[in-house]
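Open the model in your viewer and keep the selection panel at hand. The stops below run from the whole fold to single side-chain pairs.

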Amino acid sequence: MKPVDDATVERHRTKMANRKAVQDAEVAEKTLEKGLLMVHTGPGKGKSTAAFGLALRMLGNHRRVGIVQFIKGAWSTGEQPAFAAFGDRVVWHTMGEGFTWETQDLKRDIAAAERAWDKVRELMADDSIGLLVLDELNIALRYEYLDLEKVVAELTARRHDLHVVVTGRNAKPLLMEAADLVTEMTLVKHHFKAGVKAQAGIEF
């Protein structure tokens, strides 16, 4: 690295001081505290992974976490035994029976989604839970296993301090409109296209 002269150092210090003043003023304006409805969607990898990262962050802040998986169920994933180490601080329910092309049974898929949503209602009423992860709920809504308007209404009416994160591709516009935060994972490159199979610790 080339040497940095004193004038450059001073310009940088002044620039960063100005930037800090702007950032501090912007942060000071934000005074509202509330439970957030967050949506992770898009064709890229990492939607559930990011949600589980939020779960770890919530646990690190001494709040309990609830996880309901809507579609997944056929595979054993690495997250479940990892979160089991937290004991009753994590409430985990895998309610799906696998992807739709595996079950090939519409009535069964609808029934599984309805059971999962009943569990969501139960966990939303538990005021010890700070974050609720609704993994692949977007898929259940996409295939109309659940009533979209009813789901959005119940999520919107949840208690004021409960954070909820919904994952899955093809999030419905009504859900995204109701959400406080929507993140779209963009697919740029995926190893699956190069013939690499799903691997433990990466995909599950």
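Helices and strands here are DSSP runs, numbered from the N terminus: a helix is H or I with at least four residues, a strand is E with at least two. Bear in mind that this is a predicted model.

**Stop 1: the whole chain**

Show everything as a cartoon. The protein has 8 helices and 6 strands. Trace them along the sequence and the pattern reads α-β-α-β-α-β-α-α-β-α-α-β-α-β. Align the view to the principal axes: the C-alpha atoms fill a box of roughly 70 × 45 × 35 Å. Now colour by relative accessibility. Of the 204 residues, 35% are buried.

**Stop 2: the N-terminal end**

Select Met1. This residue sits in the segment before α1, the helix spanning 6-29. Is Met1 buried or exposed? Exposed means over 50% relative accessible area, and Met1 is exposed at 99%. Add Val4 and Val9 to the selection. Together with Met1 they make a nonpolar surface patch of about 380 Å².

**Stop 3: strand β5 and its partners**

Select residues 163-167, which form strand β5. 4 of its 5 residues are buried, so β5 is largely enclosed by the rest of the structure.

Add residues 37-41, strand β1. Strands β1 and β5 pair in the parallel sense, over 4 bridges. To find the register, pick Met38: Val165 in β5 stands opposite.

Next add residues 129-135, strand β4. How do β4 and β5 run relative to each other, parallel or antiparallel? They run parallel, joined by 4 bridges. Here the register marker is Leu131, with His163 of β5 opposite.

While the side chains are on, recall that in a regular strand they alternate between the two faces of the sheet.

**Stop 4: helix α5**

Select residues 106-124. This is helix α5, with 19 residues. From first C-alpha to last, α5 reaches 27 Å, close to the 27 Å expected at 1.5 Å a residue.

Which residues of α5 are buried? They are Asp109, Ala112, Ala113, Ala116, Trp117, Lys119, Val120, Leu123 and Met124. Turn the view to look down the helix axis. The buried residues of α5 fall within an arc of 160 degrees, so they line one face of the helix.

Stay on α5 and show Glu122 and Lys119 as sticks. The two form a salt bridge, with their closest N and O atoms 3.2 Å apart. Being 3 residues apart in α5, they are separated by about one helical turn. Glu122 is partly exposed, with a relative accessible area of 48%. Lys119 is buried at 18%, because the cut-off for buried is under 20%. Now pick Asp118, Arg121 and Glu154: salt bridges that share partners join them into one network.

**Stop 5: past the end of α5**

Move on to the loop between α5 and β4, and select Ser128 there. Ser128 counts as partly exposed, at 29% relative accessibility. Draw a distance from its C-alpha to that of Leu32. The separation is 21 Å, for two residues 96 apart along the chain.

In that loop, also pick Asp126, then Arg64. Their side chains meet in a salt bridge, 3.4 Å from N to O. The pair links distant parts of the chain: Arg64 is in strand β2 (residues 64-69), 62 residues from Asp126. Asp126 counts as partly exposed at 24% relative accessibility. Arg64 is partly exposed too, at 22%.

**Stop 6: a link across the sequence**

Side chains of opposite charge can pair when their charged atoms come close. With a cut-off of 4 Å between side-chain nitrogen and carboxyl oxygen, the count comes to 9 salt bridges.

For the last one on this tour, select Asp180 and Lys34. Their closest N and O atoms are 2.8 Å apart, in a salt bridge. Asp180 lies in the loop between α8 (173-178) and β6 (181-184), and Lys34 in the loop between α1 and β1, so the pair ties together parts that are 146 residues apart in sequence. Asp180 counts as partly exposed at 39% relative accessibility. For Lys34, also partly exposed, the relative accessible area is 38%.

Methods:
Residues are numbered from 1 along each chain as its sequence is written. This is a predicted model: local features need pLDDT of at least 70, side-chain atom pairs count only at pLDDT 80 or more; totals for chains, interfaces and linings use all residues. Side-chain values use heavy atoms; hydrogens and water are left out. Patches are made of residues with over 30% relative accessible area and no salt bridge: like charges are joined within 9 Å, nonpolar side chains (Val, Leu, Ile, Met, Phe, Trp, Tyr) within 5 Å. Accessible areas come from the Shrake-Rupley method with a 1.4 Å probe; for residues, only the protein chains shown count as cover. Buried means under 20% relative accessible area, exposed over 50%, partly exposed in between (1.4 Å probe, protein chains only). The expected span of a helix is 1.5 Å times one less than its number of residues. The arc is that of the directions from the helix axis to the C-beta atoms. Two strands pair if DSSP finds at least two bridges between them.
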